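Student: I've got a model open and a few labels I'd like to see justified. Can we go through them one at a time?

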Amino acid sequence: MSGNKKVIDKILDVYPAKVMKNRKEHMLLKDGGKIQEIAANTRTIPGIITNRGCCYAGCKGVVIGPIVDMVHIVHGPVGCSYYAWGTRRNKGKARENGKNFLNYCFTTDMQESDIVFGGEKKLMAAIDEAVEIFNPRAISISATCPVGLIGDDIHKVAKNAKEKHGIPVLSFSCEGYKGVSQSAGHHIANNKLMQEVVGTMDAEKKTFSINLLGEYNIGGDEWEISRVLQKIGYNVVCTMTGNGSYDDIAKSHNADLNLVQCHRSINYIADMIETKYGLPWMKVNFIGVENFTQSLRNMAKFFGDPELLARTEEVIAEETSDIEEEMETIRQKLEGKTAVLYVGGSRAHHYQGLLKELGISTVVAGYEFAHRDDYEGRDIIPYIKIDADSRNIEEIKVEKDEKNYFLRIPEDRLEELKKELPFNQYEGLIKDMEDGSLVIDDLNHIETEIIVKALKPSIVGSGVKDKYIIQKMGVYSKQLHSYDYSGPYAGYKGAINFARDIAAGMLTPAWSYITAPWRKEPLLTGKVSNMEGAESAC
Amino acid sequence: MLDLTPKKRTERSNLKVNPAKTCQPIGAMYAALGIHKCLPHSHGSQGCCSYHRMHLTRHYRDPIVASTSSFTEGSCVFGGKANLSKGIENVFEIYNPDIIAVNTTCLSETIGDDLTEIIRATKIPEGKKVIYANTPSYVGSHVTGFANMAKAMVTHLSKKTAEGSNGKVNLIPGYVEPSDMMEIKRLAKLLKVPNTMFPDTSNVVSTPNTGKYEMYPEGGTPIADIVDAGNAKATIAMGKFCSEPAAFELEKLCEVQPHVLKTPIGIKATDAFVMQLLELNGGNIPKELEFERGQLVDVMVDVHNHYHGKKVGIFGDPDIILAVTEFVIDLGMVPTIVLTGTPGKQFEAEVSAMFAEAGLTDSVVMADADLMTFHQMIKETPVDMIIGNTYGKFIARAEDVPLVRVGFPILDRMGHSYFPLVGYRGALRLIEKISNALLDKMDMTCADEDFELVM
């Protein structure tokens, strides 16, 4: 992969000196022989054409929005609520006798007068209206950019509304300018869920109880994961937050094991729940056949029940034999192809195993907003310096809940298991990359263009903003946020869905028509005249 | 679907539910894409820019590129001056557009960043331009943002430099599709009217796949043409909400006579557009155009039974649905509810006047309203069809009526970027969509013995 070195040079070459210096720190060539550092979670360079979003998107759009039975009121002008309406495909269903608000979009639609005189009264009145019309299980309030500037106290409004209506009202100070990306919003959402929801309701104790943390049920992922878990015999107490319900989250401390899928967005809660309730967390990966299988085996080992272990193997055998043959057929078609992955804060790592199973190697990978631990592994957490731009994101401390804290398995047994299972551990993206591959943080427009042109990968797994740019270059781009409106992609059935989809995308006949025959045929000398529509006037 | 929407409407003046509008900057971004070699720039925190790019990308399935000032908390305290100056410098150095069109967000507007001053103090390379529009998200809607950026093009670029006119007519098409802009230009060409259209997104957001990505596609109005718009003999502004401010600004700055017309959707509005072009430029109606119009009338006579008397609920952006409402009335349909999320008493007055003229006494018009209200109105007075953007699909499914997709955004179907709704041909297409939707539903739901071969 010596081409990758040239790509880095090409990229740095287009930048003015100061930008060059900054961007250089955000990319590296994997060298297995060295301990490598990458700069991440720092401010975005203005004008660079980043793919990043904001704190509000990370809080409301990602973590809070998927909770189905809450009315999520966005306090701000209309745009923020509107753009997060139905665009992330976090599916959800109403519980029995419960409600589902996922098809709705609620906003205070702030006007000029609200900016001038403040919007607290309007917000309170909006909550009153929401309660009267919808009678939801709970309400969330999300702040947007101007709210912080004009000094609306949404927490006071939430407190008053809670007293008035007798339902939980959660307020999130997730103004878009906080932090440097969506990541700040994850943290803010985690803090509030931990402080006001987790641990507030008790549940009947069931065997093999687990929580799925950082799983947002995009395209039905969570349903596919849970289908297999339930088949084995697990009880899924709560999913944070795909298809999540308020009560499930309130009861989540009753489970025996937390499984962390998206480390970036939910590791805060995973850690805090462990400190407060003694509930350990384990990193899992439900994407790809081997990863899913490995995760299932790790879970079974934790519980150590012989029947559960046997049932795990039975289900694995059953499920994998269902898809084996077709996976192999597709692999034969895709063998030897290359991928570039650029996704938010977790999927650029999680999909590499599945791609490998299909014969595709990942030559470039990066995150929009992950932190150094997602790249380098959690061991480096003590060495991460929090810079000025993220310093105002509140760090909360929780303490042992004397009443509800208990050890799920004896301490020495847990220590023993820690040697072979990924408890409180995530080793990051870099470790799994091949030597010589390129790791790049906060990838921008010009870098995407250079990488795709130079490396001509067979597939780029990325988002909607760059999908069509990449495809104009003749390269298939698969959305790994929205799954191009398909899914699920997690679990066994998800793996085969993904395989079918990307095979179709890479092999669709249209690619062969990009060059018109008259451009290929050297004997023809017909000239291509200017297109009519481009003429300004007659 | 939408089971939690109660049939009965209750007082609700603070909580918007399922808005029928979005915020200003996305309209400004779309307008800015209609200038050749222009990079739109969003002066705010980067979330806005990402959302606006995403939404336009989903609508057009084409690259939508824009830069942002990427505010941090610090910039909120000290102002966004450094972010914008740095942003502009970086953009010119790395991406080399000919022009940057800056829009603002609720953040920079609330802070009160002085764009004039910041941009004056910024180093702009020789021969390059920066224009800007203030687009506070807490005023109006995306339509307002489009209008503000179209106006800014005039404010910052157009010049009256010559004695007399350049013989051209300015065409400001409004917030319509690239396919519509192509069609408007085709009509002008058929009538031999020299013109400058701006903004013009045709061949910008509907580009071909050639295997070669062009950051600045072939389309877009050349800057020189927008400058020269100050020398035109007249301006036709299509759509009061989107295009009137730019046309009036041209009159104010360059004394170019404005003519404000409806968006040319439907037969009456297209006739008015054609007549206005003839009046300004003289000349004859080409046979081809008369033929097209005659075909449209022919179809309106032939298949009127498909849709005559059908009740329809219409929502969307004011300029578009004013014209659509006029047309469906001409088709003999009954618009029972016409609703926009964009504020504006004028909209209500104009639609009311249409209702009155058509003798529709039970029809309702609402501005500054949302889709929950629209849905409740439909529960009260059931309709046979909904005309609106993609968000109408929830209501269409809940109420089991067909949806004809018109306007912005259309996120779940293709076609709008390539086939026009304006002009006589666009009207034909609209009839095809309306008629097909009603007949498809009939085919799927009628009793076997009522199933017809010929309809």
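**Checking the labels**

Tutor: Let's start where the chains meet: chain A and chain B bury about 7300 Å² between them, and carbon and sulfur atoms give 62% of that area. On the chain A side, A:Tyr82, A:Tyr83 and A:Lys472 lose the most area to chain B, together 12% of what that side buries. The contact takes in 81 residues from chain A and 83 residues from chain B. Keep in mind that this is a predicted model.

Student: How do you know that the size of chain B agrees with a compact globule?

Tutor: Set the radius of gyration against the rule: for 455 residues a compact globule would come out near 23 Å, and chain B has 22 Å, so the two agree. The C-alpha trace spans about 75 × 55 × 45 Å along its principal axes. Buried residues make up 64% of the 455 residues in chain B.

Student: What is chain B built from, in helices and strands?

Tutor: Chain B has 18 helices and 14 strands. Of its contacts between residues at least 6 apart in sequence, 74% join residues at least 24 apart.

Student: Why is B:Glu163 called exposed?

Tutor: The cut-off for exposed is over 50% relative accessible area. B:Glu163 has 80%, so it counts as exposed. You'll find B:Glu163 in the loop between α7 (142-157) and β6 (169-172) of chain B.

Student: And why does A:Asp484 count as buried or exposed, whichever it is?

Tutor: Buried means under 20%. A:Asp484 has 18% relative accessibility, so it goes down as buried. A:Asp484 lies in the loop between β14 and α22 of chain A.

Student: What makes the phi of A:Asp484 worth a look?

Tutor: Its sign: A:Asp484 has a positive phi of about 50° although it is not a glycine. Most residues other than glycine have a negative phi. A:Phe208 also has a positive phi, near 50°, and lies in the loop between α9 (182-196) and β6 (209-215) of chain A.

Student: Which peptide bond leading into A:Pro488 is called cis, and what is its omega?

Tutor: The bond from A:Gly487 to A:Pro488 is cis, with omega near -5°. A:Pro488 is in the loop between β14 (476-479) and α22 (491-507) of chain A. In chain B, a cis bond joins B:Phe408 and B:Pro409, with omega about -5°. B:Pro409 sits in the loop between β14 (403-405) and α18 (423-445). Most peptide bonds are trans.

How values were computed: Residues numbered from 1 in each chain as written. Chains lettered and ligands numbered in written order. Predicted model: local features only at pLDDT ≥ 70, side-chain atom pairs only at ≥ 80, totals over all residues. Heavy atoms only, no water. Helix = DSSP H or I, 4+ residues; strand = E, 2+ residues; numbered from the N terminus. Rg over C-alpha atoms; globule rule 2.2 N^0.38 Å. Buried < 20%, exposed > 50% of the residue type's maximum accessible area, 1.4 Å probe, protein only. Contact = heavy atoms within 4.5 Å. Buried area = accessible area lost by both parts, 1.4 Å probe.
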